[in-house]
Amino acid sequence: MPTYSDVYTAVGSNVSDIIVEDVRAIFNSLRNLYTCPLNSRGFEPEYGTMLYHYLYEPCDDMTALSIDNTIITATERWEPRVKLLKLQGLAPPLPNGDAF
């Protein structure tokens, strides 16, 4: 008997894979949390993240830190089954050594 179960909502999923259990259920929950924009759920407007705001931001250490903080805050608030031990986003340098 699974400890956790969830409904897998990805488009085109196989009917036999609609119910996910345990670790897959938690991964599914995190995917839903991180991809859901704030204020997009009328019944729970504070659910989700603002990760989409960082899509066109400079790829630098400040943006990486902001993304880290967004993920940490959302995970701690909405997913009590997960304990983040370490999260460190890095802005990779370009091949010539410059930042993005």
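In this predicted model, helices α1 and α2 are oblique to each other, since angles that are neither under 35 degrees, over 145 nor within 65 to 115 count as oblique. The angle here comes to about 125°. Helix α1 covers residues 23–35 and helix α2 covers residues 61–78, and their axes sit 11 Å apart. As for handedness, α1 passes α2 in a right-handed crossing.

What do the two helices bring to this crossing? From α1 come L30, L33 and Y34, and these meet I71, A74, T75 and W78 of α2. Sorted by class, that contact has six nonpolar residues and one polar residue, with no charged residues.

Then there is the largest pocket, which holds about 160 Å³ of space. Its lining takes in L38, N39, P45, E46, G48, T49 and M50, along with T70, T73, A74, R77 and W78. By class, this lining splits into five nonpolar, five polar and two charged residues. A74 and W78 turn up in both settings: they line the largest pocket and, in α2, they take part in the contact with α1.

Terms used: Residues numbered from 1 in each chain as written. Predicted model: local features only at pLDDT ≥ 70, side-chain atom pairs only at ≥ 80, totals over all residues. Heavy atoms only, no water. 1 Å grid on protein atoms, 1.4 Å probe; cavity = no way out; pocket = protein on both sides within 12 Å on 5 of 7 lines; lining within 4 Å. Points joined across faces, edges and corners; volume = space filled by probe spheres on them. Nonpolar A, V, L, I, M, F, W, Y, C, P; charged D, E, K, R; others polar. Axes fitted to C-alpha atoms, helices over the stretch in contact; angles between N-to-C directions. Helix = DSSP H or I, 4+ residues; strand = E, 2+ residues; numbered from the N terminus. Left-handed = near helix turned anticlockwise from the far one by under 90°. Contact = heavy atoms within 4.5 Å.
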